[in-house]
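I opened this one to see how its helices pack and where its nonpolar residues gather. My notes follow.

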Amino acid sequence: MRDHVIISFDHLNPPFAYMGEDQARGFSIELIRAAYAHERIDVTFAPADGPVTQLIRLAAGRADGAADITVTQRRRAWFAFSAHYHVEQLMIFGLRHGPVWPGFRHFSGKLAVKANSYVHEYLIRHHPRIPLITVESTEAEIEEVRSGRAGGFAATRETGMALIAAGQAPDVIAEGTPFGPAPLALAAMQDDDQRVIAPFNAGLDALVRAGEVDRLRAAWLIAGGHGEGAAL
């Protein structure tokens, strides 16, 4: 077992992970750091441009783990996953003064979505008739809606609400109710299960029993919190 790991993270994924003024911040950053610290393992966080880049760096050996990766059958063929540490809810977002979201059955437009994301795979599997516009970031999803090219965008509830709360998307609102779960986990290469995933799981279990995961969730995810002194 090593005493240091490199974890890649999506640097545009508040409130879970993002770059602050001088360091990585967010719920997942604090949780992963604390879980490994319990096992006396230091963490270096390496920013990446989205989950696709995270997994490419992981496969290339440039990182030991990738944060906030949702589990899919396709990904299980390549990667080992930790126990999930949070379950996000998938939501549709639209413009505040735009058309009311009619539900998947009656929607006739296009939805913007992050390319190769869990939300992307979920929509293809469960709502295959909906045309999708794939982009690289949440900001690009919003731009597709503002331009009229998409009638809404699909993202996790926490990500969308964090952008709204931070004042970065005052014209955007959550539409309807959540339409699916997205459990977040730490990913590693399959042969790294024991040296990367096992110590994380042990530390995570200790944090859960100590109530630390609930405290972090309250600070970063509940009631619009972004952690003590955090700035998006």
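I started with a helix pair: α1 passes α8 in a right-handed crossing (the near helix is turned clockwise from the far one by less than a right angle). Helices here are DSSP runs of H or I with at least four residues, strands are E runs of at least two, and both are numbered from the N terminus.

Before going on, I noted that this is a predicted model, where local features need pLDDT of at least 70, side-chain atom pairs count only at pLDDT 80 or more, and totals for chains, interfaces and linings use all residues. Residues are numbered from 1 along each chain as its sequence is written, and side-chain values use heavy atoms, leaving out hydrogens and water.

Which residues make the α1 and α8 contact (heavy atoms within 4.5 Å)? I found Phe27, Glu30 and Leu31 on α1, and Val213, Leu216, Arg217 and Trp220 on α8. I sorted the residues of this contact into five nonpolar, no polar and two charged.

Next I looked up the largest nonpolar core (buried Ala, Val, Leu, Ile, Met, Phe, Trp, Tyr and Cys joined through side-chain atoms within 4.5 Å; buried is under 20% relative accessible area with a 1.4 Å probe, protein chains only). It has 31 residues, and Leu31, Tyr36 and Phe200 are among those with the most contacts inside it. The largest share, six residues, comes from α1.

I then checked Tyr36: beyond its neighbours within four places in sequence, its contacts include Ile7, Val43, Leu186 and Phe200. I also found a second, separate core of 15 residues, including Leu111 and Phe179.

Notes: Buried means under 20% relative accessible area, exposed over 50%, partly exposed in between (1.4 Å probe, protein chains only). Contact means heavy atoms within 4.5 Å. Ala, Val, Leu, Ile, Met, Phe, Trp, Tyr, Cys and Pro count as nonpolar, Asp, Glu, Lys and Arg as charged, and the others, Gly among them, as polar.
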